[in-house]
Amino acid sequence: MKAIKISPYIPTEINIREDKKNRAIIEAYPFEEGYGVTVAHPLRRLILGSSVGYAATAVKIEGASHEFDTIRGMHEDIAVFILNLKNVRFKLKDGSESATLDYSFSGQREIFGSDLENELVEVVNPEKFLASLNEDGQLNFTVKIHKGMGYVPSEELRDDSLKGFIFMDAFFTPVKKANYKIENILVDDNPNYEKVIFEVETDGQINPTEAVANALEIMHKQMSVFANVLDVDISRAKKDIEINEKVLDFLLKPLDELNLTVRSFNCLDKAEIKYIGQLVMMNEAELKDVKNLGKKSLVEIKARLEEVGFPVGIKLDESIRKSLEKKFEQLNG
C-alpha cells in the first residue's frame with residue numbers, strides 16, 4: 001500500500017557549481033514526482049524574461065542622418081556599425097538606470113568594445129569588433145545606454161526630443177541560456193523523486209546565480225498577491241522546533257560545524273557570527289546585510305540551515321532567544 005501523505009516533500013539539497021566563466025549548474029532536490037517541472041518551467045521563463053541588464057537604445061553619428069548612410073573613412077556602412085554596436089554588452093559602473101556616452105576616434109585603426117570603456121561604463125565583451133577606419137577616417141558618435149529587461153523594439157523607444165538619433169532594438173536580458181532537465185532520484189526506496197538541474201549562462205553583466213536568485217525573488221513577489229488576499233502565511237508552514245537540551249547544545253556549537261564553504265564561513269566570521277544559534281536567530285534581511293556575503297553564499301546558508309532543521313526566519317520562543325543571547329555574551333566575553 002502506498003504511504004498516505006498530507007503534504008508534499010520539501011526539497012532540502014542544493015548544489016551550485018560554476019564550471020566556466022559566466023556559466024553555472026544548479027541542482028535542487030528531492031522534489032515529489034511531478035513537482036520538478038512545476039517549479040522549473042516558470043522559473044526558466046522568469047530567468048529569461050525578467051533578468052535586468054543594459055543595452056544600447058539609440059546612437060547619434062556625426063555625418064550620418066539614417067541607418068543606410070555611410071561615413072567617409074569608415075569601411076563599414078552605418079547599418080553594419082549599428083549591428084555591431086548592438087552586440088556590445090555594457091554595464092554602468094554606478095548602477096544608474098541610463099547614461100549618455102560620447103566617443104571620438106580618428107586615423108587608421110580598428111575599434112573594439114574595449115575602446116568604449118571609461119570611468120562610467122564597463123564592456124563585458126571587450127573583444128567585440130565595431131568598425132575599422134582608414135588614414136583620413138573620423139568617427140564621432142553618442143550612444144544612449146539604458147537598464148531594462150527582456151526585449152524592446154526600436155519603435156517603442158523613439159523619443160521626439162532626441163533629434164538626430166537612430167533608435168535600435170534593445171535586448172536587455174543578460175541571460176544567454178537557461179535550460180533545465182529533470183532526473184529521477186532515490187529517496188527512502190522510492191525511485192520516483194525528482195532532481196531539477198538548471199544550466200544558466202549569462203553575458204557577464206550578472207553572474208548565473210544572481211540571475212536565478214533574482215528570478216526566485218520575482219516569483220515570490222508575484223505569488224504574494226494571493227497571500228495578501230487569502231491570508232496565506234508562509235511562516236506557518238515552517239516546522240515548529242521543540243526546544244530541548246539536545247537542541248540547545250546544537251545551537252551553542254561553533255559555526256564551523258555547519259561545514260559551510262570557506263567563503264561563506266569567512267564572511268560570517270568577520271561579522272562576529274561565531275555560533276550556529278547566532279545564525280539561526282537571523283532573518284533573511286539581516287543575512288543579506290552581512291558584508292561581502294553574496295547571493296551564492298546566501299543560497300548555500302539557507303539550504304544548510306533548512307537541512308539541519310532551522311530554516312531561515314524560523315521563530316524561536318522569546319525566552320529561548322534571550323537565553324541564547326545571554327549565553328553568547330558569556331562565550332564571547
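## Exposure of a strand lysine

A residue is called buried when its relative accessible area is under 20%, exposed when that value is over 50%, and partly exposed in between. Lysine 177, at 29% relative accessibility, therefore counts as partly exposed. The model in which this value was computed is a predicted one, and the descriptions that follow should be read with that in mind.

The side chain of lysine 177 meets that of glutamate 199 in a salt bridge, with a distance of 3.4 Å from N to O. Because lysine 177 lies in strand E13 and glutamate 199 in strand E14, the pair ties together parts that are 22 residues apart in sequence. Glutamate 199, at 19% relative accessibility, falls under the 20% limit and so counts as buried.

## The four-stranded sheet

Strands E13 and E14 belong to an open sheet of 4 strands, which has the order E1-E2-E14-E13 and antiparallel pairing. The edge strands, each of which pairs on one side only, are E1, covering residues 13–20, and E13, covering residues 175–187. On average, and with direction ignored, neighbouring strands of this sheet are turned by 20 degrees against each other.

Strand E14 spans residues 190–202 and runs antiparallel to E13, to which it is joined by 11 bridges. One of the residue pairs that can be followed in the structure is that of asparagine 184 with glutamate 194, its bridge partner in E14. Helix H1, made of residues 35–50, lies across E13, E14 and strand E2 (23–31), and it runs at about 170 degrees to E13.

## Strand E2 and the residues around it

Two backbone features can be found at or beside strand E2. Proline 30 lies within this strand, and the peptide bond that leads to proline 30 from tyrosine 29 is cis, with omega near -5 degrees. Asparagine 22 is placed in the loop between E1 and E2, where this residue has a positive phi of about 65 degrees although it is not a glycine. Most residues other than glycine have a negative phi, and most peptide bonds are trans. With a relative accessible area of 21%, asparagine 22 is partly exposed.

Where does glutamate 32 lie? Its place is in the loop between E2 and H1, and with a relative accessible area of 13% glutamate 32 is buried. The C-alpha atoms of glutamate 32 and tyrosine 193 are separated by 5.1 Å, although these two residues are 161 residues apart along the chain.

## Salt bridges

How many salt bridges does the structure hold? The structure holds 16 of them. Side chains of opposite charge can pair when their charged atoms come close. Among the salt bridges is that of lysine 86 with aspartate 169, in which the closest N and O atoms are 4.0 Å apart. Lysine 86 lies in helix H2 (residues 78–86), whereas aspartate 169 lies in the loop between strand E11 (166–167) and strand E12 (170–171), so the pair ties together parts that are 83 residues apart in sequence. Lysine 86 is partly exposed, with a relative accessible area of 29%, and aspartate 169, at 23% relative accessibility, likewise counts as partly exposed.

Another salt bridge is formed by aspartate 115 and arginine 109, whose closest N and O atoms are 3.2 Å apart. Aspartate 115 is partly exposed, having a relative accessible area of 26%, and arginine 109 counts as partly exposed at 29% relative accessibility. In addition, salt bridges that share partners join Arg17, Glu27 and Lys195 into one network.

## A nonpolar patch and an exposed loop residue

On the surface, Met223, Val225, Phe226, Val229 and Leu230 make a nonpolar patch of about 540 Å². Methionine 223, one of the residues in this patch, lies in helix H3, which covers residues 208–230.

Asparagine 292 is found in the loop between helix H7 (284–288) and helix H8 (295–307). Its phi is near 70 degrees, a positive value in a residue other than glycine. Is asparagine 292 buried or exposed? At 54% relative accessibility, asparagine 292 is above the 50% limit and therefore counts as exposed.

How values were computed
Residues numbered from 1 in each chain as written. Predicted model: local features only at pLDDT ≥ 70, side-chain atom pairs only at ≥ 80, totals over all residues. Heavy atoms only, no water. Pairing = 2+ DSSP bridges. Helix = DSSP H or I, 4+ residues; strand = E, 2+ residues; numbered from the N terminus. Axes fitted to C-alpha atoms, helices over the stretch in contact; angles between N-to-C directions. Contact = heavy atoms within 4.5 Å. Patch = residues over 30% accessible without salt bridge, like charges linked within 9 Å, V, L, I, M, F, W, Y side chains within 5 Å. Areas by Shrake-Rupley, 256 points an atom, 1.4 Å probe, with all protein chains shown as cover. Buried < 20%, exposed > 50% of the residue type's maximum accessible area, 1.4 Å probe, protein only.
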